[in-house]
Amino acid sequence: MKGNIMDKKILLGGAAALIMAGSMVATPADASISLSTSGEAQVTISTSDSCGDAPATAAAQNDVTGHATLAALNTATGITFTSDSAGSMDVDTVTFTDYRCTPNTADNDNPVFGFAKEISFEASGTLANGLEVTFSDTLDLTDVDAEEGSFEMVLGGAFGTLTMGSVDSAVDSTSVGMPGELDYDVSTDGSAGFGLSYALPTMGALDVAISYFPNADDAGLDDSEYMDTFGIGAAFDAGMATLSFGFESASSNDADCSVSAAALITAVYGDSVCGDMDTIAIGAEMPVSDLTLSAGYSTIDSDQADRTTMGFGVETSVGDYTIGAGYAIQTLEFELGGEEDETTAVNFTAETALGDGVDLSLEFIQTDADLFSQAAGAGSNSTYTAEIALTVGF
């Protein structure tokens, strides 16, 4: 199954709590709330490897950043670097990641067997006044402790749909397209914790959603990293194609950005997506004969680095099989120096139903990462993953 099937959470006992709450209010006798359950179990067999050039060792910071001398680096950045190890900006020797394919190492333990399991609950009903009430969520049985604060409650009617709890951002919930195996930025870091998502009634072929997250730490703290994050997203069915557009903005209360593993590059060029940030996402899907074509674009603009992702995909059915392919490219543009990281990914998928509720799928992913922090010593890194998944739903 593509992606992680555990992408929604549940709080056990929430359904019962909703039913109890309904009994405490003056609810008409003919308003019933029904409870349903479903779930999935998955077994996977995968193999992967990562290959790159032999790493080199640079003698000083200027070798890593591509400057002829330490003095040239100081002039270019306005930061004083020295050749001793007395301060945080002083590095005698900079090492690089070893991406070589070396047989018989711990990193080559293939094939790898995995599993996933989830169970979903939904309590829903329509009151006599027409108000639709739904509580639904999914419990990841492989990580129960991480799910305790998650839930989703929905109120619906002629006014639209209001969803409360662990909700998707408005940009994410309306986005179409977004093919490939690289993560598109369809939300900011402010879209975390408890949130509200309001979907307006459908206006002809136009669907619009608005989201609000009061506190990314989900604790009501006025010193949390992000507060009061707003987003808006829309999807339009144009007949021949479906188009989407979304925007979200988050302001950071913390002026410090996180430090990446390549600390020197972070300090000099600013390669972290952090601080204030805005996200824009555009997508499209279009059927052409027996094919479904998709395309997506998203960008996140932050105080430090900016990240752009775009991709193209195609999917078709051949007999009992659904076959698809996708290509995506992601660029991380550093704050200073005009440098960037670039990652590309190609994926192929095939899926078929073995019977009611039983699916078999195959996916192959090839990813190439060209990181500036490794350019002087290790070059680009190529990684492949092949996975077979058997999924049983009930």
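**Exercise 1.** Decide whether Ser124 is buried, partly exposed or exposed in this predicted model.

*Solution.* Start with the location: Ser124 belongs to strand β2. Next, take the relative accessible area, which is 19% for Ser124. The cut-off for buried is under 20%. Ser124 therefore counts as buried, at 19%. Finally, look at the surroundings. With neighbours within four places in sequence left aside, Ser124 is in contact with Ser32, Ile33, Ser34, Val133 and Thr134.

**Exercise 2.** Find which strands pair with β1, and in what sense they run.

*Solution.* Strand β1 covers residues 34-52. Take β2 (residues 112-126) as one partner: it runs antiparallel to β1, and 13 bridges join the two. One of the residue pairs is Ser46 with Val112, the latter in β2. Then take strand β16 (residues 381-393), which also pairs with β1 in the antiparallel sense, over 13 bridges. Here Thr44 has Ala389 of β16 as its bridge partner. For the wider setting, the protein has 16 strands and five helices.

**Exercise 3.** Locate the salt bridge and state which parts of the chain it ties together.

*Solution.* The count of salt bridges comes to one. Its partners are the side chains of Asp185 and Arg307, with an N to O distance of 2.8 Å. Now place each partner: Asp185 sits in the loop between α4 (170-174) and β6 (195-199), while Arg307 is in strand β12 (residues 306-318), so the pair links parts 122 residues apart in sequence. Then compare each value with the cut-offs. Asp185 has a relative accessible area of 8%, so Asp185 is buried. Arg307 has 24% relative accessibility and therefore counts as partly exposed.

**Exercise 4.** List the members of the largest nonpolar core and describe the contacts of Ala250.

*Solution.* The largest nonpolar core has eleven residues. They are Ala216, Tyr226, Ala250, Tyr269, Val273, Met277, Ile300, Ala305, Leu332, Phe334 and Phe372. Not counting residues up to four places away in sequence, Ala250 touches Thr188, Gly190, Tyr226, Thr229, Asp276, Met277 and Asp278. Apart from the largest core lies another one, of eight residues, including Met178, Tyr184, Val186 and Ala281. As background, nonpolar side chains in soluble globular proteins tend to be buried together.

**Exercise 5.** Describe the nonpolar patch on the surface and say which strand gives the most to it.

*Solution.* First name the members: Ile45, Phe113, Leu354, Leu360, Leu362, Ile388, Leu390 and Val392. Together they have about 700 Å² of accessible area. Next assign strands: β15 (358-370) and β16 each supply at least two residues of the patch. The most comes from β16, with three residues. Take Leu362 as an example, found in strand β15. Its relative accessible area is 45%, so Leu362 is partly exposed.

**Exercise 6.** Work out what share of the residues is buried and what share of the contacts joins residues at least 24 apart in sequence.

*Solution.* The protein has 394 residues, and 36% of them are buried. For the contacts, take those between residues at least 6 apart in sequence; 61% of these join residues at least 24 apart. Last, consider the surface: the accessible area of the protein comes to about 20400 Å², and carbon and sulfur atoms account for 56% of it.

Technical notes. Residues are numbered from 1 along each chain as its sequence is written. This is a predicted model: local features need pLDDT of at least 70, side-chain atom pairs count only at pLDDT 80 or more; totals for chains, interfaces and linings use all residues. Side-chain values use heavy atoms; hydrogens and water are left out. Two strands pair if DSSP finds at least two bridges between them. Helices (H or I, at least four residues) and strands (E, at least two) are DSSP runs, numbered from the N terminus. Buried means under 20% relative accessible area, exposed over 50%, partly exposed in between (1.4 Å probe, protein chains only). Contact means heavy atoms within 4.5 Å. A nonpolar core is a set of buried Ala, Val, Leu, Ile, Met, Phe, Trp, Tyr and Cys residues joined through side-chain atoms within 4.5 Å. Accessible areas come from the Shrake-Rupley method with a 1.4 Å probe; for residues, only the protein chains shown count as cover. A salt bridge is a side-chain nitrogen of Lys or Arg within 4 Å of a carboxyl oxygen of Asp or Glu. Patches are made of residues with over 30% relative accessible area and no salt bridge: like charges are joined within 9 Å, nonpolar side chains (Val, Leu, Ile, Met, Phe, Trp, Tyr) within 5 Å.
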